[in-house]
Amino acid sequence: MTIVCATNFSDAARRACDVAAALAHKSNVPLCLVHVLNPDSARAFGAALLQAAEAALGDEARRLAKRGIQVEQELRTGEAAVEVAELARRRAATLVVTASPSKEAPFLSVGGTVDRLAQSLEVPLLAVRDAETLEAWAEGKRPLRVLLGVDRSAPFVAARDWVKGLREWGLVEVVGARVIWPDEEYKRLGLARPMELAEVTPELFSVLDKETDALMAPLAVGGSVPRTVLESSLGRIADHLVQVADRERADLLVVGTHHRKALGRMWSVSYHSLRLARMSVACVASHAATVGVDAPLPTFREVMVATDFSETGDRAVAHAFGLVPPGGVVHLVHVTEGAQGVESDQRRLLALVPREAELTGRHVKVEIVTGAKDVVTALVQTAERLAVDALVLGTHGRSGLKRVVLGSVTQAVLGRTERPVLLVRPPSP
């Protein structure tokens, strides 16, 4: 385990090295200091440049070693981002630290080393802008105010895990910020759109607020979920996220990164956050998510089970109640094209609730989705709107040509939802 710090010997890089050293001291791991020479410059100036770089790197390493940490140094030649990323992999680095892109650089350092690192590293990148604040936090002198960009992606999960790990270094105050495109959310949730494109109706706000709290729940302290901010946007997510970070006086903005390339960067949150933010920024790729023995156990507090009142669909209901703990909620859902017989359908659903579920404190909520011509879309949208932890569906277990001819609602739902799905097959005849 190592922290890697890239330096070009500038004042900003020197301050970033101080932060890296403070974190290495706090976590009791070595610090690897790296400088990468430009190949053209190395060829032009030869041994003189190599000796000067080695001397400067040695001086910096000795300065940082006075903090009581083990400092290793590497001088490389090549494309800076490629060399640093390769070094991070070889050293099994847990973090790469560098100075933030310079505001004085042309085009705000578009396509620069820091940007390329953010789009290639498999470990978190910390781009330091306000070194004094980060050092004071690492030394236990003050809390660190973190703004975490929230969405429903794998990079967000990795970023959330990383923020949770920051508490091992010092006191952290977290605020979650979610910037949404309303039109996209109305479509995803199956809610009626208002006339104004950017308007967030109370119904949409209520659903997204619940969903955002669930996404932030793993960061809860003493049962209290961190405060969240919901922002509506028609433009780039990063612009609004940076504005929220400024408004919240965040010391550190943490965002997930999808490692987008070329034109995909035009909408990349991490790419523009690095360029626009006036505070330090951490970019966390999905590769950094906690997996294996250290992965947290998922919890299923609310699940949705859908039935068409067939034997197979009804069989899934009991499994749904078995999936949630006492105090959990099961949403019993039936989809119908017409609007008749709603009360009758509700009674039929309630009749499927196992007696044991009621005796053990498991709760049920019944929902009849009417006017649905596409059952699959209705089920997927309902699961999103309810923000359930999992779906439970019955399946006939068809395969091959039989499944192709008859079709499968369950198969289609599996292809369109990102939520965990429990499939309940009928017993063998």
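Q: I am looking just after helix H1, at Asn-28. What phi does Asn-28 take there?

A: Asn-28 takes a positive phi of about 55°, just after H1. Please keep in mind that this is a predicted model. As a general idea, most residues other than glycine have a negative phi. Two further residues can be read in this way. Phe-9 is not a glycine, yet has a positive phi of about 70°, and it is found in the loop between S1 and H1. Phe-309 is not a glycine either and has a positive phi of about 70°; this residue sits in the loop between S11 and helix H11 (311–323).

Q: Are those two phenylalanines buried or partly exposed, and why?

A: The cut-off to remember is 20% relative accessible area, because anything under that value is called buried. Phe-309 has 16% relative accessibility, so Phe-309 counts as buried. Phe-9, at 32%, counts as partly exposed. There is one more thing to see at Phe-309: Arg-348 lies over the face of its ring, at 3.9 Å from the ring centre.

Q: How should I read a helix, taking H1 as the case?

A: A helix can be read through its turns: an α-helix has 3.6 residues a turn, so residues three or four places apart point the same way. H1 covers residues 11–27, which is 17 residues. From first C-alpha to last, H1 reaches 25 Å, close to the 24 Å expected at 1.5 Å a residue.

Q: Which residues of H1 are buried, and what covers them?

A: Buried residues in H1 include Ala-13, Ala-16, Cys-17 and Ala-20. The cover over the buried residues of H1 includes strands S1 (2–6), S2 (31–37), S4 (93–99) and S5 (125–128), together with helices H2 (39–65) and H5.

Q: How many aromatic pairs does a search of the whole structure find?

A: The search finds one aromatic pair. The rings of Trp-137 and Trp-169 have centres 6.2 Å apart and planes at 70°, so this pair is edge-to-face. The two partners come from distant parts of the chain, 32 residues apart: Trp-137 is in helix H5 (residues 131–138), and Trp-169 is in the loop between helix H6 (154–166) and strand S7 (172–180). Trp-137 is buried at a relative accessible area of 3%, and Trp-169 also counts as buried, at 14%.

Q: How much space lies in the largest pocket, and which residues are closest to its centre?

A: The general idea is that rolling a probe the size of a water molecule over the atoms shows where empty space is left. Here, the largest pocket holds about 1,100 Å³ of space. It is lined by 32 residues, and the closest to its centre are Arg-160, Ala-214, Leu-215, Thr-299 and Asp-389. H6 and helix H8 (202–216) are the elements that give two or more residues to this lining. The largest share, six residues, comes from H6.

Q: Where is Val-303, and what does it touch?

A: Val-303 belongs to strand S11 (residues 302–306). With a relative accessible area of 0%, Val-303 is buried. Leaving aside residues up to four places away in sequence, its contacts include Ala-320, Leu-323, His-331 and Val-388.

Q: How many helices and strands does the protein have?

A: The secondary structure comes to 16 helices and 15 strands. Of the 429 residues, 48% are buried. The C-alpha trace spans about 85 × 50 × 45 Å along its principal axes.

Terms used:
Residues numbered from 1 in each chain as written. Predicted model: local features only at pLDDT ≥ 70, side-chain atom pairs only at ≥ 80, totals over all residues. Heavy atoms only, no water. Phe/Tyr/Trp six-rings, centres within 6.5 Å; stacked < 30°, edge-to-face > 60°. Helix = DSSP H or I, 4+ residues; strand = E, 2+ residues; numbered from the N terminus. Buried < 20%, exposed > 50% of the residue type's maximum accessible area, 1.4 Å probe, protein only. Lys NZ or Arg CZ within 6 Å of the ring centre and 35° of its normal. Expected span 1.5 Å × (residues − 1). Contact = heavy atoms within 4.5 Å. 1 Å grid on protein atoms, 1.4 Å probe; cavity = no way out; pocket = protein on both sides within 12 Å on 5 of 7 lines; lining within 4 Å. Points joined across faces, edges and corners; volume = space filled by probe spheres on them.
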